[in-house]
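User: Please explain the terms applied to this structure, setting each value against its definition.

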Amino acid sequence: MGVAVLFARRDSVYKTMPGCDVFDADRDARTFMGGMPVVAHPPCRGWGRLRGFSLATEEERELGPWAVRKVQAYGGVLEHPAESTLWMHCGLPRPGRAPDDCGGYTIQVRQCDWGHRAEKLTWLYIVGVDPDDLPPMPAPRAHTHCIRPGKTYPRLPSVTKREREATPPEFAHWLVAVA
């Protein structure tokens with residue numbers, strides 16, 4: 001069985017991976033008919049810390065809850081920035097909390113551990129995989145960059161827009177293995 005990757009970038013690494021049915025902007029994820037687990041990367045700008053500055057439309061914001069429903073229906077994993085308000089909106093368990101009624105739970109990871117140049121704290125909502133059955137986590141790695149300079153990382157250079165949006169290849173492989 002393959003894995004559907006929902007809301008991938010047009011130049012996504014997932015397109016090079018066997019067994020991935022990739023839905024990017026040209027192939028609207030809302031056309032996904034189900035039948036296989038998913039790796040979902042719904043747009044985050046309307047749900048993240050800087051959402052007040054976002055130009056996300058309500059239609060774009062609705063893609064987050066839509067993706068949650070697909071993960072709950074078919075299993076897999078949804079990836080979003082840590083502290084995403086999508087969790088509260090959809091009633092998803094925060095990291096360390098008991099699973100929800102769908103058996104879904106949340107873990108926090110650092111994408112730098114899979115090769116991202118920034119730390120990029122990320123929440124993963126997982127359905128259909130017992131925590132003991134997750135693939136091994138990588139060894140911790142240092143980050144050399146940040147998403148946006150500020151109080152936390154005033155002296156680190158920023159990553160590019162593409163790097164902010166792209167999934168590191170090692171992380172993409174791990175997410176597909178989870179799904």
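The exchange below takes up the fold, the sheet and the aromatic pairs in turn.

Analyst: This is a predicted model, in which local features need pLDDT of at least 70, side-chain atom pairs count only at pLDDT 80 or more, and totals for chains, interfaces and linings use all residues. Residues are numbered from 1 along each chain as its sequence is written, and side-chain values use heavy atoms, with hydrogens and water left out.

User: What makes up the pattern of the protein chain, read along the sequence?

Analyst: The protein chain has five helices and six strands, and they follow the pattern β-β-β-α-α-β-α-β-β-α-α. Helices (H or I, at least four residues) and strands (E, at least two) are DSSP runs, numbered from the N terminus.

User: Why is the protein chain called as compact as a globular protein of that length?

Analyst: The radius of gyration, taken over C-alpha atoms, is compared with the globule rule, 2.2 Å times the number of residues to the power 0.38. For 179 residues the rule gives 16 Å and the protein chain has 15 Å, which is close, so the description holds. The C-alpha trace spans about 45 × 40 × 35 Å along its principal axes.

User: How do you know which strands are the edge strands of the sheet?

Analyst: Two strands pair if DSSP finds at least two bridges between them. The open sheet has six strands in the order 2-1-3-4-6-5, with mixed pairing. Strand 2 (20-23) and strand 5 (105-110) each pair on one side only, and these are the edge strands. The twist averages 20 degrees from one strand to the next.

User: What joins strand 4 to strand 6?

Analyst: Six bridges join strand 4 (residues 76-81) to strand 6 (residues 121-127), and the two run antiparallel. One of the partnerships is that of Leu 78 with Tyr 125 in strand 6.

User: How do you know that helix 2 and helix 5 pack on the sheet?

Analyst: Contact means heavy atoms within 4.5 Å. Helix 2 (residues 63-74) touches strand 1 (3-6), strand 3 (38-40), strand 4 and strand 6, and its direction makes about 155 degrees with that of strand 4. Helix 5 (residues 169-178) touches strand 1, strand 2, strand 3, strand 4, strand 5 and strand 6, and makes about 20 degrees with strand 6. Axes are lines fitted to C-alpha atoms, for helices over the stretch in contact, and angles run from 0 to 180 degrees between N-to-C directions.

User: Why is the pair of Phe 7 and Trp 66 called edge-to-face?

Analyst: Rings of Phe, Tyr and Trp (its six-membered ring) pair if their centres lie within 6.5 Å; planes under 30 degrees apart count as stacked, over 60 as edge-to-face and the rest as tilted. The centres of Phe 7 and Trp 66 are 5.9 Å apart and the planes stand at 85 degrees, so the pair is edge-to-face. Phe 7 lies in the loop between strand 1 and strand 2 and Trp 66 in helix 2, so the pair ties together parts 59 residues apart in sequence.

User: What makes Phe 7 and Trp 66 count as buried?

Analyst: Buried means under 20% relative accessible area, exposed over 50%, partly exposed in between (1.4 Å probe, protein chains only). Phe 7 has 16% and Trp 66 has 13%, so both satisfy the criterion for buried.

User: Why is the pair of Trp 114 and Phe 171 called tilted?

Analyst: Trp 114 and Phe 171 are 4.7 Å apart centre to centre, with 40 degrees between the planes, and this pair is tilted. Both residues are buried.
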